[in-house]
Amino acid sequence: MRLHGDVSDDEEEGAVMDPALLSSSSPPAGAAAAAASRLVVGYALTKKKVKSFLQPKLLLLARKKGISFIPIDETRPLSEQGPFDIILHKKTSKEWQRFLEDYHEVHPEVTVLDPPNAIEHLNNRQSMLEEVADLNLSSFYEEVCTPRQLVIMKDPSSIPTAVAMAGLTLPLVAKPLVVDGTSKSHELSLAYDEASLPMLDPPLVLQEFVNHGGILFKVYIIGEAIQVVRRFSLPDVNTYDLLNNVGIYRLPRVSCAAASADHADLDPRIAELPPRPLLEKLGRELRGRLGLRLFNIDMIRELGANDRYYIIDINYFPGYGKMPGYEHIFTDFLQSLGQNKYQRCLSGG
């Protein structure tokens, strides 16, 4: 998803290696104990996601750590495949959800990353930010909130009146209501004037644009691990822009590599990362509320207000392949899940 310039993390490039070629290899001779503790991860991902996520560096490190990635054949019952220790997926269809729930009822010992009903919560831009409004971060000086927004379901001609009644201030970022993984769901626009609002195409969410120094903080969550990177976003909007721009501006799709701002020469007040304690608290709160372990948060800091942050999007299973060192963090996470399962077995849980 892209915030103010919406940087998609799933537009990945790179070499493709068949996971089965690495995962099916036999363990070294004499490694019976390692073989017995081998972690089998079944995955159900799109071809695009396989290419971006299952990169050679991840597969090679996983092999060294005794982790196998096995593709799931969605045309066959899950009970005929595996056995799996973990199921990793990014599927949201009702058919797949029933498929997975039926399997998990019979095999509750298998860890599912993540529950389909929890993922579904993030496929709607209205519901994805609801949990943020109720966050309790009172122990911090920083304020975390969401931009004021309005949901428009139909009738574009009613948008100007709805915006006026809601008291929203132009310019507005227009985002499709549904996030379904298609390119259309990432098509964002910036509306400068009231007269152009009927040109928008509902259903959509309108968010107030917040000046943020043109920098977005992308906070990756993998279990309890947190990593944050800087990305370039849209430039700030000033009075001159508002007086001299009219119409609807389609926001360009910027590649992740080109949008990285981690090594740019930035004003330190803009480049400063959000405080680590705040991110850790935010991660814990959202993991519990969302019921997810694989997601990222798009945050901005309001220009001139160093203690006020806005969460503008939350994405399930984002483009981890662009996160520095993701292969180490992700394999450590999978190993921790395997160890937890082993300990439960020992305790009879």
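## Helices, strands and overall packing

The protein contains 13 helices and 14 strands, and the model in which they are seen is a predicted one. Of its 349 residues, 51% are buried, while the accessible surface of the protein comes to about 16500 Å². Carbon and sulfur atoms account for 53% of that accessible surface.

The contacts can also be sorted by how far apart the partners lie in the sequence. When contacts between residues at least 6 apart in sequence are considered, 76% of them join residues that are at least 24 apart.

## An open sheet of five strands

One part of the structure is an open sheet of 5 strands, which are arranged in the order E6-E9-E7-E8-E12 with antiparallel pairing. Strand E6 (149–152) and strand E12 (248–250) stand at the edges of this sheet, and because each has a single partner strand, one side of each is left without a neighbour in the sheet. Neighbouring strands in the sheet are turned against each other by 25° on average, when direction is ignored.

In general, the strands of a sheet pair through backbone hydrogen bonds, and this pairing can be either parallel or antiparallel. Within this sheet, strand E7 (residues 172–176) and strand E8 (residues 189–191) run antiparallel and are joined by 3 bridges. To follow one example in the model, a reader can begin at Leu172, whose bridge partner in E8 is Ala191. Helix H8 (residues 159–166) lies across E6, E7 and strand E9 (204–208), and the helix runs at about 150° to E6.

## Salt bridges along helix H12

The count of salt bridges in the model comes to 16, and two of the pairs described here belong to helix H12. Arg276 forms a salt bridge with Glu280, with the closest N and O atoms 3.4 Å apart. These two residues are 4 residues apart in helix H12 (residues 276–290), so about one helical turn separates them. Arg276 is partly exposed, with a relative accessible area of 40%, and Glu280 also counts as partly exposed, at 34% relative accessibility.

Further along in the numbering, Arg289 forms a salt bridge with Glu285, and here the closest N and O atoms are 3.4 Å apart. Arg289 and Glu285 both lie in helix H12, 4 residues apart, which is about one turn of the helix. Arg289 is partly exposed, with a relative accessible area of 31%, whereas Glu285 has a relative accessible area of 19% and is therefore buried, the cut-off being under 20%. Salt bridges that share partners join Glu285 and Arg289 with Glu131 and Lys281 into one network.

## Asp298, a buried partner and an annotated site

Another salt bridge is formed by Asp298 and Lys218, whose closest N and O atoms are 2.7 Å apart. This pair links distant parts of the chain, since Asp298 is in strand E13 (residues 294–301) and Lys218 is in strand E10 (residues 215–222), with their positions 80 residues apart in the numbering. Both Asp298 and Lys218 are buried, and for Asp298 the relative accessible area is 0%.

Asp298 also appears in a record, because the UniProt annotation "binding site", taken from an unreviewed entry, covers Asp298 and Asp313. These two residues span 16 residues in sequence, yet no two of their C-alpha atoms are more than 5.2 Å apart, so they gather at one spot.

Methods: Residues are numbered from 1 along each chain as its sequence is written. This is a predicted model: local features need pLDDT of at least 70, side-chain atom pairs count only at pLDDT 80 or more; totals for chains, interfaces and linings use all residues. Side-chain values use heavy atoms; hydrogens and water are left out. A salt bridge is a side-chain nitrogen of Lys or Arg within 4 Å of a carboxyl oxygen of Asp or Glu. Buried means under 20% relative accessible area, exposed over 50%, partly exposed in between (1.4 Å probe, protein chains only). Two strands pair if DSSP finds at least two bridges between them. Axes are lines fitted to C-alpha atoms, for helices over the stretch in contact, and angles run from 0 to 180 degrees between N-to-C directions. Contact means heavy atoms within 4.5 Å. Accessible areas come from the Shrake-Rupley method with a 1.4 Å probe; for residues, only the protein chains shown count as cover.
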